[in-house]
Amino acid sequence: MLFFPQFPLRLNPIALFGLTLILGLIGGELAKRSRILPAITGFIAVGFLVGPGGLDIVTPSLLAYARLFVDISLGLVLFDLGRHLDFNWLRHDRGILPMAIAESSLTFLFIFMVLSFFNLPPLSSALAATIAVATSPAEVMMVAHDLSAEGPVTRRTLILTSLNNLFGLTLFAFFLPFTAPHTSLLNMIGHVIYRLVGSVSLGLIMFVLILGIARFIGKRKENQFVLFAGTVVFAIGLTSILNVSSMLTLFTLGVAARNFDYKHILSEVDFGWLARLFFIILFVVTGVQLQLKGLWLVPAAVIAFLIARAVAKTFGIMLFAKKSRLTKQQMFALSLALTPMATLAIGMSGILQNVNPELSSQLIVIITAVATIFNLIGPVAAQWSFIYAGEAATEKTGGNK
């Protein structure tokens, strides 16, 4: 009997993982062919379909397998996002840094005030506000890539996304130790300093490491592709061992690779098909984790959260639009492009639950509910913003690229 399959047949985690990936690819293609929805929407929809909110065929063991791929996906995204933060461009466009500070600060302040109004504890409100600051880099970058978008709105979107993720990740690393139960104030302050300094230092150390290896292996893109991919995975493992922020470490590594490689030893490596594979996994798993129950458990708080974030981002951009030489059309498109929030929100809320499972359940419900809505509207808003700004290649050429 050992030579024959056991009935009834059951998919093991590996087969189910492969099937989910294939279904995600099909879902993304169907979304693209609608000419209205971006591919990301299809990936997320497939994840939701096979997850607890749909057919419920995804097992906990499958999610455990997928966790590694999700961590690598976010690592690649944040490393690539760091490479979009060009210090020379910040000097060229004097309005972009104050614009980033304004929209990030207003987002934090507005969300904190809204959630405080709904009687959430100050720490919970601050953590949610921190998560709201960051724009989802994976969604923005993938939509821009799929549209081959180029222009002032696209460039500023990527830079603002880089900066508000820097602010968001730093604030999150600052507040997170205060959620740990039964910890003295002195230990919490020490942990805050350790996580912030340790994360940035590790990112810089990894940069020096890859710079030295790059001198040895040369500028052949295939070699440096392996170097970057291996460094990202290695850094993720190290951050887990050292208990520092993997997201802040990899973002720092990307920023250093863009701005501190004075002799141009590193190549401009495009992760291409590898990033595509991990992006599909990331968004399918994101879809699996979507929870609709929060939409009607705390509807007023969720709606207020959505409105407050949109107003804060828009107003922050308006304040410095003239200094950044933006037209009204570009200003509106840029505000809309910052709508995506969901990917990091789900990752951060997962970290919160790991650190303190007893943290306000209402906070987790609100974050997951808001993330669900942003998963639905964020990619569509980003796609529409690049098209509205006239920077999508398909719009410029009058056909699909």
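Lys 313 is buried in this predicted model, with a relative accessible area of 2%, and its partner deserves to be described alongside it. That partner is Glu 103, which forms a salt bridge with Lys 313, the closest N and O atoms being 2.7 Å apart. Because Glu 103 sits in helix H5 (residues 96-117) while Lys 313 belongs to helix H14 (residues 299-319), the pair ties together parts that are 210 residues apart in sequence. Glu 103 is itself buried, at a relative accessible area of 0%.

The structure holds six salt bridges, and I would like to go through two others. In one of them Arg 258 pairs with Asp 86, with 3.0 Å between the closest N and O atoms. Here too distant parts of the chain are linked, since Arg 258 lies in helix H11 (residues 246-259) and Asp 86 in the loop between helix H3 (60-83) and helix H4 (87-92), 172 residues apart. As for accessibility, Asp 86 counts as buried because its value of 13% is under 20%, whereas Arg 258, at 34%, counts as partly exposed.

The other salt bridge I want to show joins the side chains of Glu 222 and Arg 220, at 2.7 Å from N to O, and in this case Glu 222 is partly exposed, with a relative accessibility of 45%.

Let me finish with an uncharged side chain, that of Asn 165, which is found in helix H8 (residues 152-175). Asn 165 counts as buried, at 0% relative accessibility, and its side chain makes a polar contact of 3.5 Å with the side chain of Asn 164.

Methods: Residues numbered from 1 in each chain as written. Predicted model: local features only at pLDDT ≥ 70, side-chain atom pairs only at ≥ 80, totals over all residues. Heavy atoms only, no water. Helix = DSSP H or I, 4+ residues; strand = E, 2+ residues; numbered from the N terminus. Buried < 20%, exposed > 50% of the residue type's maximum accessible area, 1.4 Å probe, protein only. Polar contact = N/O pair within 3.5 Å; in protein donor to acceptor, adjacent residues only side chain to side chain. Salt bridge = Lys/Arg side-chain N within 4 Å of Asp/Glu carboxyl O.
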